[in-house]
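Reader: I should like to request a close examination of one helix-to-helix packing in this model. Please treat the geometry and the residues involved, and then place the packing in the context of the chain.

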Amino acid sequence: VDLLIKLHQCPIPAFLQQRAIDLGQNTAHPVTLLLDEWEGNLKAAQEHHRKKGFEVFNCKATAYLCDLIRMRLIHDDSPALPRRYCLVHSNFHLGNLLFSHRSLEGRPKYPPRVKQLLSFQASDVGDPLLDLARLTLILHLPAPLGVGGLSDSSKQLFPSTFDVVSSYAMRLQEANELPNTDTLMLAMRVYQAAACFKMAAVMLFNLHFQTMEVKPQGPAFIQRRQEAAEHISKLGAALLKGCLLYTSPSPRDS
């Protein structure tokens, strides 16, 4: 959480300042903007693939999740959050965190300690709560993206969603930048579901181009990726509905 806050408080680089102004003037919900962007990217990849005569990859669970989030935003009666746009990582998961030695053994003697944040290729200006939601998914996603596959005793060494959100909120309330923890927790389900949708959409988007390479990926790889996109989409739907009864298998090769 400390690393995330430091990143979100960094000055926006000059080459991204116009994007920050444009986002600030847009009245649409930040999650709606994310859905529009990645739904459009995925449709463009599918159309490109179709014109080239290649197989088009669809995922009903991903499309369903997108529709479900849009419906939730339409009927959401929770208190509106203030819009904040800042420098975001956009890919804040376990694989992009450098931990101290033996941090992930699941032993109380070596609690998880993050030393450094890696991989800034996707960094942009955006809503910081999407980064925060991505961080909370660590408990639900299996390796290499999270610790969902560990035992309950090992997962207890990591902060819960409430712990992460409350820590983030308390740190930024000092600067009057966020509402209280309860209000933020109400909104977090939508942001968690949006983070899952983006993960699944990125997997499917990349899959279209990975099958057009000089040495395209084989059927087993394609099947794993499609299954991973489906499972992550179902995870997002379960989180949004507040009935997390689902554990996704490992989205390999992410």
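Author: In this predicted model, helix α3, which covers residues 30-51, and helix α8, which covers residues 181-210, have axes that come within 9 Å of each other and cross at roughly 15°. Because angles under 35 degrees count as roughly parallel, α3 is roughly parallel to α8. The crossing in which α3 passes α8 is left-handed.

On the α3 side, the contact is formed by Pro30, Val31, Leu34, Leu35, Trp38, Glu39, Asn41, Leu42, Ala45, Gln46, His48 and His49. Helix α8 contributes Val190, Tyr191, Ala194, Phe197, Lys198, Ala201, Val202, Leu204, Phe205, His208 and Phe209. Sorted by class, the contact between α3 and α8 comprises 16 nonpolar, five polar and two charged residues.

Several residues of α8 that take part in this contact, namely Phe197, Ala201 and Leu204, also appear among the partners of Thr62. Thr62 belongs to helix α4, which spans residues 60-75. With neighbours within four places in sequence left aside, Thr62 is in contact with Phe197, Ala200, Ala201, Leu204, Ala229 and Ser233. The C-alpha atoms of Thr62 and Ala200 are separated by 6.6 Å, although these two residues stand 138 residues apart along the chain. Thr62 has a relative accessible area of 2%; since buried means under 20% relative accessible area, Thr62 is buried.

Two cysteines may be considered next. Cys66 is buried, with a relative accessible area of 1%. Cys196 is likewise buried, and its relative accessible area is 0%. As to covalent cross-links of this kind, the structure holds zero disulfides.

The wider chain gives the setting for these details. It contains nine helices and four strands. Read from the N terminus, the order of elements is α-α-α-α-β-β-β-β-α-α-α-α-α. Among contacts in the chain with a separation of 6 or more, 75% are accounted for by residues 24 or more positions apart. Of the 254 residues of the chain, 43% count as buried.

To return to the part requested, α3 and α8 are roughly parallel, and their contact includes Trp38 and Leu42 from α3 and Phe197 and Phe205 from α8.

Conventions. Residues are numbered from 1 along each chain as its sequence is written. This is a predicted model: local features need pLDDT of at least 70, side-chain atom pairs count only at pLDDT 80 or more; totals for chains, interfaces and linings use all residues. Side-chain values use heavy atoms; hydrogens and water are left out. A disulfide is a pair of cysteine sulfur atoms within 2.5 Å. Buried means under 20% relative accessible area, exposed over 50%, partly exposed in between (1.4 Å probe, protein chains only). Axes are lines fitted to C-alpha atoms, for helices over the stretch in contact, and angles run from 0 to 180 degrees between N-to-C directions. Helices (H or I, at least four residues) and strands (E, at least two) are DSSP runs, numbered from the N terminus. Angles under 35 degrees count as roughly parallel, over 145 as roughly antiparallel, 65 to 115 as roughly perpendicular and the rest as oblique. A crossing is left-handed if the near helix is turned anticlockwise from the far one by less than a right angle, and right-handed if clockwise. Contact means heavy atoms within 4.5 Å. Ala, Val, Leu, Ile, Met, Phe, Trp, Tyr, Cys and Pro count as nonpolar, Asp, Glu, Lys and Arg as charged, and the others, Gly among them, as polar.
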